[in-house]
Amino acid sequence: MKDKFKLLPKEEKRDIEETRKSLTYWEDVWRRLKNHKSSMFGLVGVILIVFVAIFGPFFSPYGYEDTFTDYINVPPRIDIYKITEEKYFYVSENRYLIESTENGTLGTRYNEVARDLINRVLYFSKPYKIKTEITSSTTYPAPTDLAENVFYSETWGIGLIDAEFATGDEFIDIAYIHPDSPLTSLSFEEADFELNDDYLLDNVTFINPSGDADAISSDEGAEFLIEQFDTNTKIIDIRVSSSDIVSVDYSLKLVEPSERPEGMEDVIYQIEYKGNEVSEVYDTVRNQNNFLGTDHLGRDVLTRIIFGARISLTVALVATLVNFFIGVVYGTVAGYVGGSVDNYMMRIVDIINSIPLVLYVILLSVVLNEVVIDFNLFGRHFTLFRGSGGLGTIIVALGFVYWVNMARLVRGQIIGLKRQEYVLAARTIGVSNIKIMTRHLVPNAMGPIIVSMTMMIPAAVFTEAFLSFIGLGVSAPQASWGTLANEALQAFRRYPYQLFYPSLAISITMLAFNFLGDGLRDALDPRLRQG
Amino acid sequence: MSKTTEKPVLEVRNLKKYFDKSKGFFNREEKILTAVDDISFKIYKGETFGLVGESGCGKTTTGRTIIKLYEPTGGSILFDGVDLATIPEKDMLPYRKDMQMIFQDPYASLNGRMTVTDIVGEGIDTHGIFDDEDDPELARQEKIYEILESVGLKREHASRYPHEFSGGQRQRIGIARALAVDPKLIICDEPISALDVSIQAQVVNMLEDFQKDKGLTYLFIAHDLSMVKHISDRIGVMYVGKLMEVASSDDLYLKPLHPYTKALLSSIPVPDPDNKDTENRIVLEGDVTSPINPKPRCRFCTRCEYSKEVLEEESSSNFRDKIINRYSREIILHPETHELVVTDGQLITPALADKIINIGLNKITLGKEKCFNEVPKLKEVIPDHFVACHFTKKINKDLLK
């Protein structure tokens, strides 16, 4: 028994006081916070969100307002059909045919050239381009002997004669070029076409072009487009013919109502291309172009969410600043001075607080709509505030009212703290009131301030999302999570991912801040944890 | 030890501190709490003036009003001949240096977010004590080390935070903070009541040493009577905002003249289980008078055994004459409802006297008119012994001789 305990050699004896490291209050808080698992998740989440909001847009290949008209409502995961070894197709929900690779990189969108509604067949063709050159801008009158359904451009001297569609697999349109037109040739992507004596092009199909410049449309879908590159070079998009036509055979399969919600009929596509018929989905792959898909205007959802994080974080920053610089100062002064000053200051708070935030936003958006504050600095132009954008209004509204709860909380804390003996001691020493507030009162009220701030930040973010959701917040083309959710709601059943990801972003932000706030409250006031 | 020829460091004249307790916008009833009501005393250089009394009697308020933590309602606070009561808050800074305070709760009196250096150095910074030195930063640090060592702490404690110290050590930090600006007068507001007994002695001895070394003057507020007797040269006894008795500590303990002082002193526990000493203990009856809107009378009259007068019936008419227009203070039978009611300091009218006799009461306790009708003034009954009681001489006939 005796040899179980040995005397410690002298050199190993240490003074307890010497070995213990002196921890400041904040070191102690950090130590406790580190042990709090969920709050560390929250902290990491908050840091990630801030990081993404600041740097995300730099890495994003698209802007938040870039639209890809070819890829509208493309989901994050797409079903592709394999036609040949090199050719894969994706059929979008609204029955667009888009070329794809095996791993899901989207290519050209084929244009619908005809539809046979009785047999439920859609005909698609790859868009081709015709390059033309021009030297003058004379107008050319249409020749008198053209057929009835001719579309004629006076600028170019080009006429397009519409042939019958859906008669077979040949689509023949005729292009007429005015004899006086400076256009000498038309070139397709693959071949040049010579003009014959009558200035007619044979065997060329002009189909619905892509792009959004001035299109001339026929009533049957024969359209062509003229894009102007510079004063001399124009590009006419023309779709070509026969052998490249893809037809999609779709059929509606009705299933039991209990299995699928009403209106969600399962569409089975049968794709025919150069004699190959495919009706089975080859693979479901990730959309490589738009990681989280695109919205109803073909804008990248991920990019918009990242830009939305900026807006949410801006609101969070404003809420923090307002809370700290107005709320804390106001509350400290009211609490410390006390008496009738406190009474009046708190009645002002009551008045501000009695009007709901939504009302402020509505009223302010009316008042501030025309207001733009901008300035020039180092030769660059900065816009400090733009009332019409929506975000400005929310920020001003938050700035007006969001500090009142913090002011109340701080006032209560300060009233309790100012009777503490260390404050009396400071007063007997003769420390000035401002120093008492900044060195004694506010540091000691910091715990509840920080806790309530971490709880108020997600509330502000949520308020912004809510206001944007109901249409009072950020306006297009800017993307806030609330507006994204609002836009997605219209086609929520068909494209649930458009609602899911912005909502997920809101939820993660809420959770991260709330977890962090929860952990901070425990860390700042360990007594609460027992209760 | 007569001090009358010396000039006092602090002279408090008719000091009043009232708090307005009126509540509500609609409730227009005025409620004035007279925490300190017209008290006067002097403290001479190098002495310790003890201020004792039960909880809520206004000791702490007195201390805090003297140091101008509270703005006095009336009276004057003469510190070295300057009336602090008339000096506005913004001009107080030079006087703050000369008067310091040690607080009761060592846990509440130190700011947990500041290091010991910052706490002790705050006074030095505020008053710019070393601003003229070549290296004010170094001089400040040296001064802080010196003070810390003088209160029994180590140099390495300077960079620590208050929560790393025990209660006794924290109280030492509080004392170091008060000493840092080299004050002349220190108001000790129950500096030892939150400490345990062994540490109380250390702290008190330390305070006494500082007094000897630096010629400090203390206003020592406490409710521990034996400790106050030990440390004080003179003692003032307070009761509900009034000074009841002021005397040298020996005088006060040997010859208490005020009935309240007598009761207070008899309550000192005797640390001897065999000698219970309960016979000599004066147990006061009744409740402490409310300090809110007090009536103009002796604050102690409701509990004082000497303010009572027991009248017994000899003959009916005689008894009637005796009680008419006298002050009642005890419980009597209500003449109409036959219920007992308190008639606290009320005048008994002839009609009421008749009713009392008709009921058949033949013995009644009445208060003395003077006690119930007049505020006793603090008078020097014997040299350097002040008492505020109407019947001091009558009560203490033998003692005064």
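These legends accompany close-up views of a predicted model, with most of the attention on chain B.

**View 1. Chain B as a whole.** Welcome to the overview, a handy place to get your bearings. Chain B holds 14 helices and 18 strands, and its C-alpha trace spans about 90 × 60 × 45 Å along the principal axes. Of the 401 residues in chain B, 39% are buried. Contacts that link distant parts of the sequence are well represented: among contacts in chain B between residues at least 6 apart in sequence, 67% join residues at least 24 apart.

**View 2. The open sheet of chain B.** Follow the eight strands across this sheet of chain B and you will read the order β6-β7-β8-β3-β9-β10-β18-β17, with mixed pairing. The edges are formed by β6 (99-102) and β17 (379-382) of chain B, each of which pairs on one side only. On average, and with direction ignored, neighbouring strands are turned by 25° against each other. Now look at one pair inside the order: β10 (residues 242-248) and β18 (residues 385-387) of chain B run antiparallel and share two bridges. Here B:Val246 has B:Phe386 of β18(B) as its bridge partner.

**View 3. Strand β16 of chain B and its partners.** This view centres on β16 (residues 363-367) of chain B, which pairs with β11 (residues 308-312) of chain B in the antiparallel sense over five bridges. To find your place in this pair, look for B:Val310, whose bridge partner in β16(B) is B:Thr365. Strand β12 (residues 327-328) of chain B is also antiparallel to β16(B), joined to it by two bridges. There, B:Ser328 is matched with B:Leu366 of β16(B). As a reminder when inspecting such strands, side chains in a regular strand alternate between the two faces of the sheet.

**View 4. Two helices crossing in chain B.** Helix α10 (residues 316-323) and helix α11 (residues 350-359) of chain B have axes that come within 9 Å and cross at roughly 140°. Because of that angle, α10(B) counts as oblique to α11(B). The crossing of α10(B) past α11(B) is right-handed. On the α10(B) side, the residues that make the contact are B:Ser316, B:Phe319, B:Arg320 and B:Ile323, and they meet B:Ala353, B:Asp354, B:Ile356 and B:Ile357 of α11(B). By class, the residues of this contact divide into five nonpolar, one polar and two charged. When tracing the spacing along either helix, keep in mind that an α-helix has 3.6 residues a turn, so residues three or four places apart point the same way.

**View 5. Helix α3 of chain B and its surroundings.** Which residues of helix α3 (residues 116-127) of chain B are buried? They are B:Val116, B:Ile119, B:Val120, B:Gly121, B:Glu122, B:Gly123 and B:Ile124. These buried residues pack against α4 (136-150) and α5 (167-179) of chain B, and also against α9 (421-429) of chain A. After α3(B) comes B:Gly128, with a positive phi near 55°.

**View 6. Where chain A touches chain B.** Finally, here is the contact between the two chains, which takes 17 residues from chain A and 25 residues from chain B. On the side of chain A, the elements that give two or more residues are α9 and α10 (433-469) of chain A. The most come from α9(A), with eight residues. Sorted by class, the chain A side that touches chain B has eight nonpolar, seven polar and two charged residues.

Technical notes. Residues numbered from 1 in each chain as written. Chains lettered and ligands numbered in written order. Predicted model: local features only at pLDDT ≥ 70, side-chain atom pairs only at ≥ 80, totals over all residues. Buried ≥ 20, exposed ≤ 12 C-beta atoms within 10 Å, placed from the backbone. Helix = DSSP H or I, 4+ residues; strand = E, 2+ residues; numbered from the N terminus. Contact = placed C-beta atoms within 7 Å. Nonpolar A, V, L, I, M, F, W, Y, C, P; charged D, E, K, R; others polar. Pairing = 2+ DSSP bridges. Axes fitted to C-alpha atoms, helices over the stretch in contact; angles between N-to-C directions. Parallel < 35°, antiparallel > 145°, perpendicular 65-115°, else oblique. Left-handed = near helix turned anticlockwise from the far one by under 90°.
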